[in-house]
Amino acid sequence: MTSTELSHDHLKLNELSYIKINALLLLAILPLSIIGYFLAVSNESLFFVYEWSLVVLLSCTFLLSIVTALVYKSSLLWLSFSFLAFILQFAVFCLFIGPYTFYPLFFAYYAMATISFIVSIITFKKGLPYRFITVIFMIVTVIMTFYMILLHSLWGVNWI
């Protein structure tokens, strides 16, 4: 085989490629949220485009995490679990940007944030090569939880 030909084996994705794709898809939330902000400010009637784009993005990352966890049963399995827990937590967090916000969803978020934080700590203790991803998940979880506590206190519950 010459250097310009690719075999079928060269085109296969390994577990690390799935993890990288999943991380990049999660990182795509940032520019998508900036677009969503501009849609909310300048053209509110198109805000549903942001909401549905976010749903599609989170669904893709969720399915990719499940596939990675089921297909590969190696040391990076816990990293896939960490992705899954964070995506579920972020999905519950995103319920607060739409019209489906109900008071009991605060407690659903707190439960998912606790599960996500515990899974991230377990993943961090496993000593995987991509520990920075779990650290980022923990930092974002803490920031979102402080936001939810602030929002919860503005809703009418006095924590202090």
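The following exchange goes through a predicted model and asks what stands behind the terms used to describe it.

User: What is the overall make-up of the chain, in helices and strands?

Analyst: The chain has 6 helices and 0 strands, and read along the sequence it follows the pattern α-α-α-α-α-α. Of its 160 residues, 34% are buried. The chain exposes about 10,000 Å², of which carbon and sulfur atoms supply 75%.

User: How do you know how far apart in sequence the contacting residues of the chain are?

Analyst: Taking contacts between residues at least 6 apart in sequence, 71% join residues at least 24 apart.

User: Why is Thr 141 called buried?

Analyst: Buried means under 20% relative accessible area, and Thr 141 has 2% relative accessibility, so Thr 141 counts as buried. Thr 141 lies in helix H6, which covers residues 131–155. Leaving aside neighbours within four places in sequence, Thr 141 is in contact with Phe 86, Gln 89, Tyr 109, Ala 113, Ser 116 and Phe 117.

User: What makes the pair Thr 141 and Phe 137 a polar contact?

Analyst: A polar atom of the Thr 141 side chain lies 2.7 Å from the backbone oxygen of Phe 137. The cut-off for a polar contact is a pair of N or O atoms within 3.5 Å, and the 2.7 Å between these two atoms therefore falls within that distance.

User: Why is Thr 134 called buried, and which residues does Thr 134 touch?

Analyst: Thr 134, also found in helix H6, has a relative accessible area of 0%, which is under 20%, so Thr 134 is buried. Not counting residues up to four places away in sequence, Thr 134 touches Leu 79, Ser 82, Ser 120, Thr 123 and Phe 124. In addition, a polar atom of its side chain lies 2.7 Å from the backbone oxygen of Arg 131.

User: Why is Phe 47 called buried, while Phe 48 is called partly exposed?

Analyst: Both residues are found in helix H3, but their values fall on opposite sides of the 20% cut-off. Phe 47, at 17% relative accessibility, is under 20% and therefore counts as buried. Phe 48 has a relative accessible area of 45%, which lies between 20% and 50%, so Phe 48 is partly exposed.

User: What lies around Phe 47 in the model?

Analyst: With neighbours within four places in sequence left aside, Phe 47 is in contact with Gly 36, Leu 39, Ala 40 and Ile 97. Phe 47 and Gly 36 are 11 residues apart in sequence, and their C-alpha atoms are 6.4 Å apart in space.

User: What makes Phe 48 eligible for a surface patch?

Analyst: Patches are made of residues with over 30% relative accessible area, and the 45% of Phe 48 is therefore over that cut-off. Phe 48 forms a nonpolar patch on the surface together with Leu 46, Val 49, Trp 52 and Val 55, and the patch has about 480 Å² of accessible area.

User: Which residues touch the most other members of the largest nonpolar core?

Analyst: This core has 31 residues, and Leu 54, Phe 90 and Tyr 109 touch the most other members. The elements that give two or more residues to this core are H1, H2, H3, H4, H5 and H6, with H4 giving the most, at 8 residues. In soluble globular proteins, nonpolar side chains tend to be buried together. Not counting residues up to four places away in sequence, Phe 90 touches Ile 29, Leu 54, Leu 58 and Met 144.

User: Why is Ser 33 called partly exposed, and where does Ser 33 lie?

Analyst: Ser 33 lies in helix H2, and its 27% relative accessibility lies between 20% and 50%, so Ser 33 counts as partly exposed. Ser 33 and Leu 54 are 21 residues apart in sequence and 8.3 Å apart in space, C-alpha to C-alpha.

User: Why is Tyr 72 called partly exposed rather than buried?

Analyst: The relative accessible area of Tyr 72 is 22%, which is not under 20% and not over 50%, so Tyr 72 is partly exposed. Tyr 72 lies in the loop between H3 and H4. The C-alpha atoms of Tyr 72 and Asn 14, residues that are 58 apart along the chain, are separated by 8.9 Å.

Technical notes: Residues numbered from 1 in each chain as written. Predicted model: local features only at pLDDT ≥ 70, side-chain atom pairs only at ≥ 80, totals over all residues. Heavy atoms only, no water. Patch = residues over 30% accessible without salt bridge, like charges linked within 9 Å, V, L, I, M, F, W, Y side chains within 5 Å. Areas by Shrake-Rupley, 256 points an atom, 1.4 Å probe, with all protein chains shown as cover. Salt bridge = Lys/Arg side-chain N within 4 Å of Asp/Glu carboxyl O. Helix = DSSP H or I, 4+ residues; strand = E, 2+ residues; numbered from the N terminus. Buried < 20%, exposed > 50% of the residue type's maximum accessible area, 1.4 Å probe, protein only. Contact = heavy atoms within 4.5 Å. Polar contact = N/O pair within 3.5 Å; in protein donor to acceptor, adjacent residues only side chain to side chain. Core = buried A, V, L, I, M, F, W, Y, C linked by side-chain atoms within 4.5 Å.
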